[in-house]
Protein chains: 2
Amino acid sequence: MRNLLITIRYLGGGYHGFQVQENAITVCQVFQDGVEKLLGRRWDVKGCSRTDAGVHASRFCLSMACDSTIPPMGLVRGLNAILPPDLSVLDCREVPEGFHARYNCLGKEYAYRFHNSLVRDPFLEGRVYRTGRPLDEAAMDQAAQAFVGTHDFSAFCAAGGSVEDKVRTIHRAGVAREGELVTFVVAGDGFLYNMVRIMAGTLLQVGEGRRPPEEVAEILHSLDRSRAGDTLPPWGLFLEQVYYDLPGWPSL
Amino acid sequence: MRNLLITIRYLGGGYHGFQVQENAITVCQVFQDGVEKLLGRRWDVKGCSRTDAGVHASRFCLSMACDSTIPPMGLVRGLNAILPPDLSVLDCREVPEGFHARYNCLGKEYAYRFHNSLVRDPFLEGRVYRTGRPLDEAAMDQAAQAFVGTHDFSAFCAAGGSVEDKVRTIHRAGVAREGELVTFVVAGDGFLYNMVRIMAGTLLQVGEGRRPPEEVAEILHSLDRSRAGDTLPPWGLFLEQVYYDLPGWPSL
């Protein structure tokens, strides 16, 4: 048996997230269908995280033990010939037995993309959250610094999550503008349910001048979800990077 | 009556080009449907060019005389609320009576985008022509310089066109790489049927080392279509800019 770490990219609009669910098309299921077509049988797959319905992934990782002898690049090309246009395999590498895409994950980086324009852009459709009000990206960047460090993120966690411990460590956070695109990037050891989308909704209020940047630290310390901003829609959110302790792999 | 110059953006994958045709969905028809919904009647529209089925437009211009009194930004926002996600209005301005989007056009800029990768990218799906062979963008750029100037472009024109005069002036041409994206940009006073796609197909051969860059000038002078490369598919092609002699408008 080989153990493989496979990096995939997908547009999330057509999927109910990664994790297999009954009566819903998920990335995992479509990926496993592809594996079954290529290798002749279905292999179990471990995703690095669940990711919500509609969220995109620039780089999502999964591990899969299988008995195929096809070289990694052959698997990449073979799967890409089978998988649908909105899902592809970027990379495949052998990892030690027992390596698990979720349990071995050291952290992740997400990006939330705002399109700051009065006018819709068909090229960005389904890939940004658009707002016509002018965004002050410097204020947003200042506010985002409050997230950095080890904190209880209860104020930025959707109700109904089953996780007891809401302490997470954020390594980096920032907001930058490129033309009409304003991007919030955040990297940390772990993320609570809807955490990045609530962070983005709170930074949006700051960017629109509806809250001073200093208030974000207060909201964080309040542990009160009702004080933070809205959960923004999934289509602006991208899982950008997954971190592992592997030779040549990017570090958190 | 007012005369309006309207700039639109669209993903061409869902359209049989701009020009109205029977039994096919075209950009012009969908745009006019939107106008009819917003203004209560259908107005005649003049496009800057035909553009083929499947070709995208970063900026396509059309002129429309109508009696609406809605201010330009109101028309932009009103139409964008009605038009489908793959088509939007970027800009609207008043132009003199008699201004015609095609007859007043001084030139256009096109881009053909290559994705130079062994691996499909879902984010670029339908917006690039992918090739896995390493492209030598410097050789392509050198070859593209042969297009600059006033030439008979018969060798780069699809058979079956009705145009007699195949002399056009190309003002700029070049190829540049950004990571895995290699883009051919060409601007000129006019373009023959499939001209940019045949140019791109010929530069592809140069980039892959199947032809020396010097040969492109020979092909041009031969006036022989059979010596040039393949007509590449429409999905890599973007109409980038349309040039007019109007205050504040970009110059060719």
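Select His56(A) and then Phe238(A), because DSSP-based pairing is where this tour starts: two strands count as paired if DSSP finds at least two bridges between them. Phe238(A), in strand 10 of chain A, is the bridge partner of His56(A). Here helices (H or I, at least four residues) and strands (E, at least two) are DSSP runs, numbered from the N terminus.

Before going further, note that this is a predicted model, in which local features need pLDDT of at least 70 and side-chain atom pairs count only at pLDDT 80 or more, while totals for chains, interfaces and linings use all residues. Residues are numbered from 1 along each chain as its sequence is written, chains are lettered from A and ligands numbered from 1 in the order in which they are written, and side-chain values use heavy atoms, with hydrogens and water left out.

**Strand 10 of chain A**

Extend the selection to strand 3 (residues 56–66) of chain A, which runs parallel to strand 10 of chain A and is joined to it by 2 bridges. Next add strand 5 (residues 107–116) of chain A, which pairs with strand 10 of chain A in the antiparallel sense over 6 bridges; within this pairing you can pick out Tyr112(A), whose bridge partner in strand 10 is Leu237(A). Now colour strand 10 itself, residues 237–243, and you will find that it is mostly covered, with 7 of its 7 residues buried. Buried means under 20% relative accessible area, exposed means over 50%, and partly exposed lies in between (1.4 Å probe, protein chains only).

**The two chains together**

Show chains A and B side by side. A rotation of 180° with 0.0 Å of shift along its axis superposes chain A on chain B, with an RMSD of 0.0 Å, and the copies are therefore related as by a two-fold rotation axis. To find this axis from chain A, select Phe123(A), whose C-alpha is the nearest to it in that chain, at 5.2 Å. The superposition is by least squares on the C-alpha atoms of residues with pLDDT of at least 70 in both copies. Since 100% of the interface residues of chain A are also interface residues in chain B, the copies meet through the same surface.

**Salt bridges**

A salt bridge is a side-chain nitrogen of Lys or Arg within 4 Å of a carboxyl oxygen of Asp or Glu, and by this rule the count comes to 26 over all chains. Select Arg9(B) and Asp121(A), whose side chains meet in one of them at 2.7 Å, N to O. Arg9(B) lies in strand 1 of chain B and Asp121(A) in the loop between strand 5 and strand 6 (129–131) of chain A, so the pair joins two chains; both residues are buried.

Move on to Glu36(B) and Arg42(B), whose side chains form a salt bridge at 2.8 Å, N to O. Glu36(B) is partly exposed, with a relative accessible area of 35%, and Arg42(B) is also partly exposed, with 33%.

**A buried arginine**

Select Arg168(B), which sits in strand 8 (residues 167–178) of chain B. Arg168(B) is buried yet has no salt bridge, and the nearest side chain of opposite charge, that of Asp165(B), is 4.6 Å away; for charge, Lys and Arg count as positive and Asp and Glu as negative, while His and the chain ends are not counted. The backbone oxygen of Asp165(B), however, lies 2.9 Å from a polar atom of the Arg168(B) side chain. Leaving aside residues up to four places away in sequence, Arg168(B) touches several others, including Gly149(B), Phe153(B), Asp189(B) and Met195(B), where contact means heavy atoms within 4.5 Å.

**Two positive phi angles**

Most residues other than glycine have a negative phi. Select Thr51(A), in the loop between strand 2 (46–47) and strand 3 of chain A, which has a positive phi of about 55° although it is not a glycine; Thr51(A) is buried, with a relative accessible area of 13%. Then select Asn23(B), in the loop between strand 1 (2–10) and helix 1 (27–39) of chain B, where phi is near 60°. Asn23(B) is exposed, with a relative accessible area of 81%.

**Last stop**

Finish at Asp67(B), in the loop between strand 3 (56–66) and helix 2 (72–82) of chain B. Asp67(B) and Met1(B) are 66 residues apart in sequence and 4.7 Å apart in space, C-alpha to C-alpha.

Terms used
A polar contact is a pair of N or O atoms within 3.5 Å; within protein, one must be able to donate a hydrogen and the other to accept it, and residues adjacent in sequence count only if both atoms are side-chain atoms.
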